[in-house]
Amino acid sequence: MQKPSAAQPVFQSEPGLDQLIETIGAEVRRFVADSHRKTLRLVEIGTALTAERHTGRLLERIVEEACELTGSDGGTLYLVDCAKTHLSFAIVLNRTLGIAMGGSSGRIPWSAVPLFDDDGSPNERNVSAYAALKEQVVNIPDVYQAEGFDFEGTRTYDRQAGYRSKSMLVVPLHDHERELIGVLQLVNALDPATGDAIPFSIENQKICESLASLAGTALIQTRLINDLDKLLQAFIRSIGMAIDEKSTVTSGHVRRVTELTTSIAQALNAETGGVFGPVRFGPDELKELQMAAWLHDLGKITTPNHIMDKSTRLEGIYDRIELIRTRFEVLKRDAEIAFLQVQVQGLDTAAIREAKEKRDQVLSSLQEDIEFLSLCNRKDRLSDADIDRIQTIAQQSFYVDRVQQQVLGPAEIENLSIRAGTLNTAERDIMQHHSEMTYRMLSELPFPKKLKQIPIFAAYHHERIDGMGYPKGVKGDEIPLQARIIALADIFEALTARDRPYKRTIPVAEATEILLQLGRSGHLDPELVAFFIEHRLYEFQTDDMAHIV
């Protein structure tokens, strides 16, 4: 055999083979580049989906990205209902027909797809129900040629809409525990060059399966976060209602304060000028403020009921005015006995008449004294003269088993001499301690970052602009606007409440005047009070506040 010369190649390609190799190489490089691009895009989509917290927008994003990755003309996302008997329409998109339904666009009015027939057998005629029940991907090149499924509804819709449904890809969605949560259905993969409908490639099917896995995880995560948020809000509302129910005389107070707080915050959001023009509360900030309002009296859980519900100055476990009445009855008895002793002695008529007049005078004086003390026990405010008379009455005494006792004890004198309200100094300290307890209790809770200010907003509603409030004694701008709003709502509700036996219900006109005085005195934020009155926010009412307007 003759060996090839050095000038001759060992292998000589056939004509056109080099071009074919180059074409194949270019196609492989394009395929690799396209796959790499889609893989990177999947990573980006996964990050974006897990960051989305709005369920409606998340569902839209799932379908949009699936259509984009696979070059689909449209897509439908179904979600399994709680009973796992139906697939409900969540999102419907079609670029050619210009359809965008569901998600943030509103509810889809179409009937849900049943997973089972009336006799309980699986509904395997519907392709989306089949994919859900079998938990299998269904890839159909042409639905008009497909066997085993009922596409008559699709044909009817196509005729009405002037559309031609052809290729279809149906992928079940699962959560992290492989529980079925929905079905993603794509229609008409489009040829990038011609725009014609073509079958879904195996590559696009795998891409869509990967996207479905990401979407299922993101959807469950969003649901879980939203459910936890709803649970937290519901739990906080239940705490607020429990605080209301703890006291029979302030029922509904927490709820009304929360509603009024929300009303003020929304009015501030709508303000475009003035001091509060720049103020804007975002959705999370409004939620944070509402939760703080629900919890502003949380510390009252530790406040004894007989102090919270103290409706008179002498009330404790019971109202001690009845005990004082008993002592006055003893004094009256003594006066009657003194008169009877004169009669028994057989003195003349003049002496008996004098004794009778003295008895009647004593009885009348005692009756006036006990009625005065009863009035002081309930009165809103006491004057210096009232307190002086209480001290005078307290000098009276009577005997029990030959032991002299004062008609009023030191604690009773102290309580009856309270100038305003019903709480003495010690009781007021206990009552005010609820703000400190509110702060301490809420500070122990691991609120998420967007709700981290709740302990301050809730506990500072008794702080004063002049720094004379409690529990921290902060002043001015050291008190957050949210806390100042709750403070205003709390005072207005307390002034106009009709369920407080220790105070009268104050009409709105008088209540707003008191608010103005509190603003001028450094108790409340004067600018917030002015805003409240100027915008007539005092007209806000719930069913049980309607009487005050």
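**Close-up views of a predicted model**

**View 1. His434, a buried histidine in helix 13.** With a relative accessible area of just 2%, His434 counts as buried, since the cut-off for that label is under 20%. Everything in these views comes from a predicted model, so keep that in mind as you look around. His434 sits in helix 13, which covers residues 425–443. Look for the backbone oxygen of Met431: a polar atom of the His434 side chain lies 2.5 Å from that oxygen. Which residues from elsewhere in the sequence touch His434? Setting aside neighbours within four places in sequence, the contacts are His296, Asp297, Gly299, Lys300, Thr303, His461 and His462.

**View 2. His253 and Asp297, joined through their side chains.** Asp297, one of the residues in contact with His434, turns up again here. Its side chain makes a polar contact of 3.5 Å with the side chain of His253. You'll find His253 in helix 6. Is His253 buried or exposed? Its relative accessibility is 5%, so His253 goes down as buried.

**View 3. Helix 7 and what covers it.** Helix 7 takes in residues 283–294, 12 residues in total. From first C-alpha to last, helix 7 reaches 17 Å, close to the 16 Å expected at 1.5 Å a residue. The buried residues of helix 7 are Leu286, Lys287, Glu288, Leu289, Met291, Ala292, Ala293 and Trp294, so you'll see Lys and Glu side by side with nonpolar names on that list. What covers these buried residues? The cover includes helix 5 (202–246), helix 6 (253–270), helix 14 (454–459) and helix 15 (481–496).

**View 4. Leu481 in helix 15.** Helix 15 is among the elements covering the buried residues of helix 7, and Leu481 belongs to helix 15. Leu481 is buried, its relative accessible area being 14%. Neighbours within four places in sequence aside, Leu481 is in contact with Leu268, Phe276, Val279, Phe281 and Leu528. Check out Asp525 too: 44 residues separate Leu481 and Asp525 along the chain, and their C-alpha atoms are 9.0 Å apart.

**View 5. A nonpolar patch on the surface.** Now for the outside. Leu224, Leu228 and Leu231 form a nonpolar surface patch, with about 310 Å² of accessible area together. Leu228 is part of helix 5, another of the helices listed as cover for helix 7. How does Leu228 count in terms of exposure? Leu228 has 48% relative accessibility, so the label is partly exposed. As a general point, an α-helix has 3.6 residues a turn, so residues three or four places apart point the same way.

Technical notes: Residues numbered from 1 in each chain as written. Predicted model: local features only at pLDDT ≥ 70, side-chain atom pairs only at ≥ 80, totals over all residues. Heavy atoms only, no water. Helix = DSSP H or I, 4+ residues; strand = E, 2+ residues; numbered from the N terminus. Expected span 1.5 Å × (residues − 1). Buried < 20%, exposed > 50% of the residue type's maximum accessible area, 1.4 Å probe, protein only. Contact = heavy atoms within 4.5 Å. Patch = residues over 30% accessible without salt bridge, like charges linked within 9 Å, V, L, I, M, F, W, Y side chains within 5 Å. Areas by Shrake-Rupley, 256 points an atom, 1.4 Å probe, with all protein chains shown as cover. Salt bridge = Lys/Arg side-chain N within 4 Å of Asp/Glu carboxyl O. Polar contact = N/O pair within 3.5 Å; in protein donor to acceptor, adjacent residues only side chain to side chain.
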